[in-house]
Amino acid sequence: MTGGSQGAGYRPVIGLEVHAQLLTHSKMFCGCDARYSGARPNSHVCPVCLGLPGALPVINRAALEQTLMVATALNCRVPETSRFDRKNYPYPDIPKGYQISQYAAPLGRAGHLDIFHADGPDRVGIIRVHLEEDTGKTMHSVLDGRPVSLVDYNRSGVPLLEIVSEPCIHSPDAARRYFAGLREVLVYLGVNSGDMEEGVLRADVNVSLSRGAHPGAKVEIKNLNSFRAVTRALEFEIDRQAALLEAGGQVAQETRGWDEGQEETVSQRSKEYAEDYRYFPEPDLPALTVSPERVEEIRRTLPELPAARRARYVDSAGLSPYEAEVITQDPALASLFDETLSLQPPGGSKAVANWIMGELLRLLHEAAVPLEASNISPRGLSGLLRLLGDGTITNAQAKIVFARMFETGAEADEIVRREGLAQIADTDELAATVRRVLAENEALVRDYVEKGGKTEGPLIGKVMAATGGRANAALVRELIRSLLSPEATAQ
Amino acid sequence: MTEGILHRSFLDLHELMARREISSVDVTRATLERVQRLDPDVGAYLLVTEEQALAQAVEADRAYAEDRANALTGIPFALKDIISTLGIRTTCGSRILENYVPVYQGQVAGRLLESGAVLIGKTNMDEFAMGSSTEHSGFFPTRNPWDRDRVPGGSSGGSAAAVSAGMAAFALGTDTGGSIRQPASLCGVVGLKPTYGRVSRYGLVAFASSLDQIGPIARSVPEVAAVLGVIAGHDPHDSTTLRAEVPDYRAGLTGEVRGLRIGVPKEYFPDTLESGVAAAVSQGLASLESLGAHLVDISLPMTDAALSCYYIVAPSEAMSNLARYDGVRYGLREQAADVWTLFDRTRERGFGAEVKRRILVGAYALSKGYYEAYYVKALEVRALVQRDFEAAFQQVDVIAGPTSPTTAFRLGERLDDPLSMYLADAFTLPANMAGICGVSVPCGLAGGLPVGLQILGPKLGEQTILRVADAYERSAGFNVLVPPLTFGAPA
Amino acid sequence: MSVSREVVERLAEMTRIGLAHAEAEALGRDIEAILAHVSALQEIDTAAVEGAPGAGSDAPLREDVVAASLPVADVLANAPQQADGFFVVPAVFGE
Ligand SMILES: [Zn+2]
């Protein structure tokens, strides 16, 4: 919370409306490809999503299923009958002059999301989860010296989830945590890519300042598409409202936009009835019936959500909260962790976590690819850990093997065999080498004997150099000690 | 070949074509010539697709030669200009779509063209189907072939007039509140409004989506039954279509009505009913009784309320459906320096007074503060209208009465009084509110003008109402009412 | 039930229909007459109507399979103005 508002005894009251594009193949109400990023303008468009006269919508099953997953994961009540409504407002990128949305009977109601942080969980109430269609895109340009808007309908009709929180958040940071927590859930459920730069996740925030029992006027800030924008816009707005109130002014109930460059909110003048959307039931679509049994089935088959997973990693896998946090950030990483662990003998969790957080994240970062694009599999990582554990390879060699595995996907033992990387753990073979090294380094041997064995380091180094790093260091130490022991030298 | 053949049943024409006694090219050419001769005085067509028609006729004759013809192959027909046709201008009778050419095929147009029927052209209508006289066409009014000073009814007035004057063997209309049955009644032809969901609306430019239904207009009941068999059926593109199987409607025309209970609602015979209409309808009912049917006095207490309800529901949906005509993607565009002025001017110039009236009424009924009192209330009353019919169909098999309270009225007579125009649909629109089926069949003349007998059936009761209409038509001794065409150049 | 010119103009702005003052007044009278007629609805007892609208129905679902879109030339075939594959309108925030 910012200083000004706190000092004056104002309490920010914040709610979020998050819009998330669903990860379906086709659009919400037609068969057009929903993955429009990079496509030619107006190339993913048909009579339905262009709003041609006479075209009619048909509901995408996957969009409905994904919405039910989210509603269930957010602990919402799913009413047996839900319905689409028309939200009427004229805009060039709304091809029908209305958006098919849900108003009176959304798919999910009255849920919550628990957000974990240092002080324990914060519960954010969810008022509703509903399904709608995205709009087209309008870009501003100049044509023949005149300002024009260019309209592309590729995005028109992409399924969009709207998740509305209770106004129960009281700081910009808590708002950001909630937004991030929600993003994590959506990505975990596999219903949203989480790719904020692509605009697949956007938030409208509303904020008012209350003092005591007196609520303040609500200001809505539209279209924030990064965590930073949410935090900064709220901080700015809270300061602005507090300053206004302290100067004896009044906050106008209005919609404001966020100016990313200037880092300030700007009033978007609009007449009150521009917000009169004249909702009514979409007559082109019968109501939806979702049986309680279906909801129960979805609940049963939901994947484990990040919060539960983190708790499990800390409680039963013995990871630190930090390790659990890092690994659960990406559901693919967490799955790799879980599956690798299941192939390991008990007690291996720390080692698995170390490899994922260390080498794997480093290589992914260097290559700038997601885990799916690498060749690391649970089986592969598990094989590597086995070779490391039974002493077949050294830690240094393991890193080399892991890098090869990352590139090629080959099994660890195959890489070791092919590249001759196996550690020399054969006592006879190694003993011969140690004898040779001792014979060639009389001065070091003398020193070793005189100092009562305290200078074995340089000797081990010589042996390692002679074997190209393939020697088992512990075994080398053992051999040196036994070859230079008083009993041995006495012979 | 004489033009006289153009008033024969197309089922006979089909037999003649199958026996190679006439060709589709002959019939098509004769039809086109008749259109050329008569239509300047009637104004049924907005567009005549002569070239395509002749090409299709050639193709139809080939189908007959190769024995792959069906009852509609080679038969000239017309489509109300609200039904989308790929590559053929579809205006909805509106200036705002004056130059709109669909880039996709509507479901029903596609089915007819695939069956080999020959499209003669697109017919005039009240703009966006809003009206009961075809005077609200954005282009010109259509005249009743029985009396050119009178209206053909509407909104499918062009289709009814074209069929009545032998300028098409059959036509499709759309019925939102009576727009097939009322013009069929006023022009002396048979018109069927199917059960809501029986015929796909994909490609039908929406007026009021929960009420609109496409249906056939022809000169006899068996022809209507034949067309319905082709256009009816489930369509995955229209989520409101019914999955019920499509029966052989023609096979159901047994002429048998003995023991059938026909409900006669007292609300359909008010004091204000034109006496000639009352007389003709009563005679029609009497002949059904003489065929062995039982007449049962019933009451449909929600008849008046249905009218009020209709004038909330239909404008509300229309307000939303017509929002897409904004000059951005297709249709008329008025130039302006900013997009909002462009919207305002385009819609100001593109829409006629009746359309504007209904859009504004719809916006009013759905706006904040009025939604509950108007729209929600109307939906509740709509449920009561449905119950009215459900209760009646517990008692009787079909319901019969006048289609329209009057015969064709004079052009201009009701143009300045929207409410009196609305009353023309008082007996037809309850069926749309309830989603049931209804047919209008000619039952004689009053003052030299046709009168229609309306037969209503429960949902998916098409077979029954067609059987009753057909039995009546056979017994009435006139298969076809031919207007005394006192105009047009000599044949 | 009075539908003033101001109300008509507000409705017209909501639905983006430019109206001349005279037209607004005439439409106001018509709308008032229509609303007066439909006000009969208010007297109908609908207490017996219950349940969510649409309850019991079940919308059909489409499998999530990509189908061909329209060729861009068709998408733009009816466009009043276009450039580089985009629909063009005067600036949204213009003037
Ligand atoms: Zn599409």
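1. Buried area, used for every interface below, is the accessible area (1.4 Å probe) that two parts lose on being put together, summed over both. By that yardstick, chain C and chain A bury about 3600 Å² between them, and carbon and sulfur atoms give 62% of it. The size of an interface is often given in just this way, as the accessible area lost when the parts come together.

2. A quick word on ground rules before you read further. This is a predicted model, in which local features need pLDDT of at least 70 and side-chain atom pairs count only at pLDDT 80 or more, while totals for chains, interfaces and linings use all residues. Residues are numbered from 1 along each chain as its sequence is written, chains are lettered from A and ligands numbered from 1 in the order in which they are written, and side-chain values use heavy atoms, with hydrogens and water left out.

3. Back to chain C and chain A. Counting a contact as heavy atoms within 4.5 Å, 37 residues of chain C touch 51 residues of chain A. How many salt bridges cross this interface? The rule, a side-chain nitrogen of Lys or Arg within 4 Å of a carboxyl oxygen of Asp or Glu, finds 1. Arg61(A) and Glu63(C) form a salt bridge, with their closest N and O atoms 2.7 Å apart.

4. Polar contacts add to the picture here. These are pairs of N or O atoms within 3.5 Å; within protein, one must be able to donate a hydrogen and the other to accept it, and residues adjacent in sequence count only if both atoms are side-chain atoms. Between chain C and chain A there are 21 residue pairs in polar contact, both residues at pLDDT 80 or more. On the chain C side, the elements that give two or more residues are helix 1 (5-14), strand 1 (61-62), helix 3 (72-75) and strand 3 (86-90). Helices (H or I, at least four residues) and strands (E, at least two) are DSSP runs, numbered from the N terminus. Strand 3 of chain C makes the largest contribution to that side, 5 residues.

5. Do look at the strands that join the two chains. Strand 2 (residues 59-60) of chain A pairs with strand 1 of chain C in the parallel sense, over 2 bridges; pairing requires that DSSP finds at least two bridges between the strands. Within this pairing, Ile59(A) has Leu61(C) as its bridge partner. Strands of a sheet pair through backbone hydrogen bonds, either parallel or antiparallel.

6. Now turn chain C towards chain B. This contact takes 48 residues from chain C and 51 from chain B, and the buried area is about 4300 Å², with 69% from carbon and sulfur atoms. Arg16(C), Leu41(C) and Asn78(C) lose the most area in chain C, together 16% of what that side buries.

7. The chain C and chain B interface has 3 salt bridges, one of them between Glu23(C) and Lys356(B) at 3.0 Å, N to O. It also has 17 residue pairs in polar contact, both at pLDDT 80 or more. Which element of chain C gives the largest share of the side that touches chain B? Helix 2 of chain C does, with 9 residues. By class, that side has 32 nonpolar, 8 polar and 8 charged residues, where Ala, Val, Leu, Ile, Met, Phe, Trp, Tyr, Cys and Pro count as nonpolar, Asp, Glu, Lys and Arg as charged, and the others, Gly among them, as polar.

8. Chain A itself is divided into domain 1 (7-293), domain 2 (304-419) and domain 3 (427-490), with bounds from an automatic or database domain assignment. The centres of domain 1 and domain 2 of chain A, taken over C-alpha atoms, are 37 Å apart. Here 7 residues of domain 1 are in contact with 11 residues of domain 2, and the two bury about 720 Å² between them, 67% of it on carbon and sulfur atoms. Phe116(A), Glu184(A) and Tyr188(A) supply 75% of the area that domain 1 buries against domain 2, more than any other three residues.

9. Glu184(A) is worth a second look: it forms a salt bridge with Arg310(A), the closest N and O atoms being 3.3 Å apart. Helix 3 (residues 172-188) of chain A gives the most to the domain 1 side that touches domain 2, with 4 residues. That side has 6 nonpolar, no polar and 1 charged residues.
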